[in-house]
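Biologist: Hey, can you walk me through this one? I'm new to reading structures.

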Amino acid sequence: MTEDRIRPSYWFKPRMFGYGATPVTWQGWALTIGYAVAVVLLANHLGRTHPLYLWLLLPMTLALLWVSWAKTDGGWRWRWGR
């Protein structure tokens, strides 16, 4: 599946190998980069061993997974290529 075949309301495409999705629109990239920036900022501000870091990281990660799952054109399943 290529970028031009992704339906307009979806932000991610299924990975060719393995499980999960890859961002293909600016919204998908913004979500992914925003998550990474938030994790780095939390780690720098709180420290990776602080208990609050994990309590904040868990819901952020679950939200990222849920949105990327909901916005993937073709769903998530294990793939072995074409």
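Modeller: Sure, one term to begin with: helices (H or I, at least four residues) and strands (E, at least two) are DSSP runs, numbered from the N terminus. This is a predicted model, where local features need pLDDT of at least 70, side-chain atom pairs count only at pLDDT 80 or more, and totals for chains, interfaces and linings use all residues. Residues are numbered from 1 along each chain as its sequence is written, and side-chain values use heavy atoms, with hydrogens and water left out.

Biologist: Okay, where is Asp 73?

Modeller: Asp 73 sits in the loop between α2 and β4.

Biologist: Is Asp 73 buried or exposed?

Modeller: Asp 73 counts as buried, because its relative accessible area is 5% (buried means under 20%, exposed over 50%, partly exposed in between, with a 1.4 Å probe and protein chains only).

Biologist: How many salt bridges does a search of the whole structure find?

Modeller: One. A salt bridge is a side-chain nitrogen of Lys or Arg within 4 Å of a carboxyl oxygen of Asp or Glu. Here the side chains of Asp 73 and Arg 7 meet at 2.7 Å, N to O. Arg 7 is in the segment before β1 (12-14) and Asp 73 in the loop between α2 (51-70) and β4 (79-80), so the pair ties together parts 66 residues apart in sequence.

Biologist: And how exposed is Arg 7?

Modeller: Arg 7 is partly exposed, at 45% relative accessible area.

Biologist: New topic: where is Leu 41?

Modeller: Leu 41 is in helix α1, residues 26-46. Leu 41 is exposed, with a relative accessible area of 55%.
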